[in-house]
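Student: I'd like to practise reading how helices and strands pack. Could you walk me through it on an example?

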Amino acid sequence: MIEVRNICKSYGNLQVLRDVCIDIGKNEIITIVGPSGAGKTTLLQIAGSLDRPDSGTVCYDGQDLARLNDRRLSEFRNRNIGFVFQFHQLLPEFTAVENAAMPALIAGTAKKKAMARAEELLAHLGLGDRLRHKPSEMSGGERQRTAIARALVNSPQVVFADEPTGSLDSANRDEIRSLIADLRRDFGQTFVIVTHDPSMNGIADRVINMADGRIIPPENHDD
Ligand code: ADP
């Protein structure tokens, strides 16, 4: 579904990604692990169209993102890609349902329909009684579940998550991890997750190890 090929990226003299390739299949959960500074977030941002590589290609079902101008790329991102960050990045003055509906409103969905979809998702994620709460009135886990609803509202092909459990306690980490596994099982949702949380690898189909801007090939266990 998504082909990331031969990505190189530098910031000044610092080479952050060196010839990185990944294939992301439909319905997969992939985790990306490795030491801080390995290039994980940069890779996630390039694969998720938030940043452009110096060289290499990112294709979604054969569509090369480099061929889209910035406006088309924003539209493409809005419709096809969801994001969850370590710090939920919800808008403080809006309620859970307004926050979750935001990408659908940006996509031009009628307000009533966008709000209904956001409510349905929030209820599915166990937040049916938190719809009109603002972020400051919710727990860390509830805020992160709201951020997941926002990522899912346009039924994206893929959700990229950067340390989604990084700011949570262990009970909330467990909850978010099982939620991600459930969303894949129930809806076939694809996830690519940068994480330092070893238990997240337990729900992954593939764990990609990065160090020093490269993917470390899995060890050959055939022998
Ligand atoms: P990781 O997610 O594995 O910790 P990152 O992709 O965040 O790694 O960063 C890789 C390296 O690139 C780090 O040394 C970081 O300081 C550097 N870096 C990331 N983004 C920028 C940027 N916008 N400008 C300059 N350097 C950056």
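Student: How do I read the packing of helix α3 and helix α5?

Tutor: Generally, two packed helices are described by the angle between their axes and the distance between those axes. Here, α3 (residues 96–106) packs against α5 (residues 140–152) at about 30°, and their axes are 6 Å apart. That makes α3 roughly parallel to α5 (angles under 35 degrees count as roughly parallel, over 145 as roughly antiparallel, 65 to 115 as roughly perpendicular and the rest as oblique). Axes are lines fitted to C-alpha atoms, for helices over the stretch in contact, and angles run from 0 to 180 degrees between N-to-C directions. Helices (H or I, at least four residues) and strands (E, at least two) are DSSP runs, numbered from the N terminus.

One caution: this is a predicted model, where local features need pLDDT of at least 70, side-chain atom pairs count only at pLDDT 80 or more, and totals for chains, interfaces and linings use all residues. Residues are numbered from 1 along each chain as its sequence is written, and side-chain values use heavy atoms, with hydrogens and water left out.

Student: Which residues of α3 and α5 meet?

Tutor: From α3 come Ala-96, Asn-99, Ala-100 and Pro-103, and they meet Thr-146, Ala-149 and Arg-150 in α5; contact means heavy atoms within 4.5 Å.

Student: And how do α4 and α5 cross?

Tutor: The axes of α4 (residues 111–124) and α5 come within 9 Å and cross at roughly 135°, and α4 and α5 are therefore oblique to each other. Arg-117, Leu-121 and Leu-122 of α4 make the contact with Thr-146, Ala-149 and Leu-152 of α5.

Student: Now the sheet: in what order do the six strands come?

Tutor: In general, strands of a sheet pair through backbone hydrogen bonds, either parallel or antiparallel. In this model the order is β6-β7-β8-β3-β9-β10, an open sheet with mixed pairing (two strands pair if DSSP finds at least two bridges between them). At the edges stand β6 (81–84) and β10 (214–216), each with a single partner strand, so one side of each is left without a neighbour in the sheet. From one strand to the next, the twist averages 25°.

Student: In which sense do β6 and β7 pair?

Tutor: Parallel: β6 and β7 (residues 158–162) share four bridges. The bridge partner of Val-84 in β7 is Ala-161.

Student: Which strands does helix α1 touch?

Tutor: Helix α1 (residues 40–47) packs on the sheet and touches β3 (29–33), β7, β8 (190–194) and β9 (206–211). The direction of α1 makes about 155° with that of β7. As for α5, that helix lies across β6 and β7, running at about 170° to β6.
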